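Here is a walk through one protein model, taken a piece at a time. Have a look at the sequence and the fold before reading on.

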Amino acid sequence: SDVMACGVWKGARQGIKTLPDFVAAKKPIIFGSTGVTSPLSTFPLFLKNVLGANVKVVHGYRGTKGVSLGMQNGELDGTCGMFESSVRGAFFPSFKSGDLTLFVQLGTTRNVPLFGNATNVFTMLKTEEQKQMARLLFGPSEITRPFTAPPGTPKARVAALRKALLNTMKDPALVADGKKIKTTFKPMGGAEVAAAFAAFYRTPRALVDKTYELTITRKNPRKKKK
């Protein structure tokens with residue numbers, strides 16, 4: 001399991017440090033993304049269309065490293081899709097220096113101490129509908145590296161695989177290797193993952209459609225009939 005955050009480079013030249021700062025910003029905050037369905041695009045658009053932030057998303061970048069380079073070059077102001085594991089790894093120098101400021105974290109059930117004063121998005125959502133949309137949008141990213149087996153796998157084998165995986169996450173050698181790359185493993189049990197997916201599938205269709213409309217940018221939107 002992992003938790004994502006969004007960040008800005010050098011405060012997006014507007015002194016942004018928290019989500020309230022971000023929402024109050026007067027000048028457009030430009031984000032980079034790989035494509036319209038990527039969290040690099042859908043997450044900032046949620047902040048725009050639900051909270052009213054002044055956001056623009058530019059597509060066509062090749063991954064988070066390309067977006068990071070765009071921020072350093074002054075092409076972009078911010079990025080989403082920043083996993084805790086990513087911040088502890090490739091992006092730690094920029095985070096530690098203060099060039100990259102994480103202003104919002106998107107955990108549905110927990111906050112990440114590493115993210116410091118980054119506002120949890122749920123503290124600024126006013127209605128239950130907004131919270132449901134946020135859980136639908138941000139929740140799947142917390143199931144970061146799931147393992148699956150084919151339909152029809154014997155229950156005893158499923159149970160053995162689940163037990164083996166959780167035992168592996170406690171293995172002293174693996175924990176030691178994780179510390180070398182500044183990673184703390186936070187495993188989710190198979191039953192917990194299955195329950196999370198079941199909850200996603202119980203989301204009312206109307207809410208799914210509304211979340212889609214608020215977070216997906218179309219290059220060629222269909223014209224509405226009069």
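What follows goes through confidence, the disulfide, the strands, the salt bridges, one helix and two backbone oddities.

## How far to trust it

This is a predicted model, so a few ground rules apply: local features need pLDDT of at least 70, side-chain atom pairs count only at pLDDT 80 or more, and totals for chains, interfaces and linings use all residues. Residues are numbered from 1 along each chain as its sequence is written, and side-chain values use heavy atoms, with hydrogens and water left out.

The confidence score here is pLDDT (the predictor's confidence in each residue, from 0 to 100). Its mean over the protein is 92, and 96% of the residues reach 70 or more. The stretch to be wary of is residues 220-226, where pLDDT stays under 50 and the model has 0 contacts beyond four places in sequence. A contact means heavy atoms within 4.5 Å. Where pLDDT is low, the predicted coordinates should not be read in detail.

## The disulfide

Counting a disulfide as a pair of cysteine sulfur atoms within 2.5 Å, the model has 1. Cysteine 6 and cysteine 80 are the partners, with S to S at 2.0 Å. The link is right-handed, with 100° about the S-S bond. Cysteine 6 sits in strand β1 and cysteine 80 in strand β4 (residues 78-83), so the bond ties together parts that are 74 residues apart in sequence. Helices (H or I, at least four residues) and strands (E, at least two) are DSSP runs, numbered from the N terminus.

Both cysteine 6 and cysteine 80 are buried. For the record, buried means under 20% relative accessible area, exposed over 50%, and partly exposed in between (1.4 Å probe, protein chains only).

## Strands around β5

Strand β5 (residues 100-105) has 5 of its 6 residues buried, so the rest of the structure largely encloses it. Strands are said to pair if DSSP finds at least two bridges between them. β5 pairs with β1 in the antiparallel sense over 5 bridges, and with strand β6 (residues 119-120) in the parallel sense over 2 bridges.

Glutamine 105 in β5 is a handy residue to click on. Alanine 5 stands opposite glutamine 105, and asparagine 120 is the bridge partner of glutamine 105 in β6.

## Salt bridges

How many salt bridges does the structure hold? There are 9, taking a salt bridge as a side-chain nitrogen of Lys or Arg within 4 Å of a carboxyl oxygen of Asp or Glu. One of them joins arginine 145 to aspartate 2 at 3.9 Å, N to O. Arginine 145 lies in the loop between α6 (128-142) and α7 (155-169) and aspartate 2 in the segment before β1 (4-9), so this pair ties together parts 143 residues apart in sequence. Arginine 145 is exposed at 57% relative accessibility, whereas aspartate 2 is buried at 5%.

Lysine 186 and glutamate 84 also meet, at 3.6 Å, N to O. That pair links distant parts of the chain, 102 residues apart: lysine 186 is in the loop between α8 (172-180) and α9 (190-201), and glutamate 84 is in helix α4 (residues 84-88). Lysine 186 is partly exposed at 29% relative accessibility, while glutamate 84 is buried at 6%.

## Helix α10

The third pair to look at is arginine 205 and aspartate 209, with a salt bridge of 3.0 Å, N to O. They are 4 residues apart in helix α10 (residues 205-215), so about one helical turn separates them. Arginine 205 is exposed at 58% relative accessibility, and aspartate 209 is partly exposed at 37%. Elsewhere, salt bridges with shared partners join Glu84, Arg88 and Lys186 into one network.

Which residues of α10 are buried? Leu207, Thr211 and Thr215 are. Seen down the axis, the buried residues of α10 fall within an arc of 55°, so they line one face of the helix; the arc is that of the directions from the helix axis to the C-beta atoms. They pack against α2 (39-51) and α6. On the other side of α10, Arg205 and Ala206 are exposed.

## Two positive phi angles

Most residues other than glycine have a negative phi. Alanine 12 has a phi near 55°, and arginine 13 one of about 60°. Alanine 12 lies in the loop between β1 and α1 (19-24), as does arginine 13. Alanine 12 is buried, with a relative accessible area of 3%, but arginine 13 is exposed at 62% relative accessibility.
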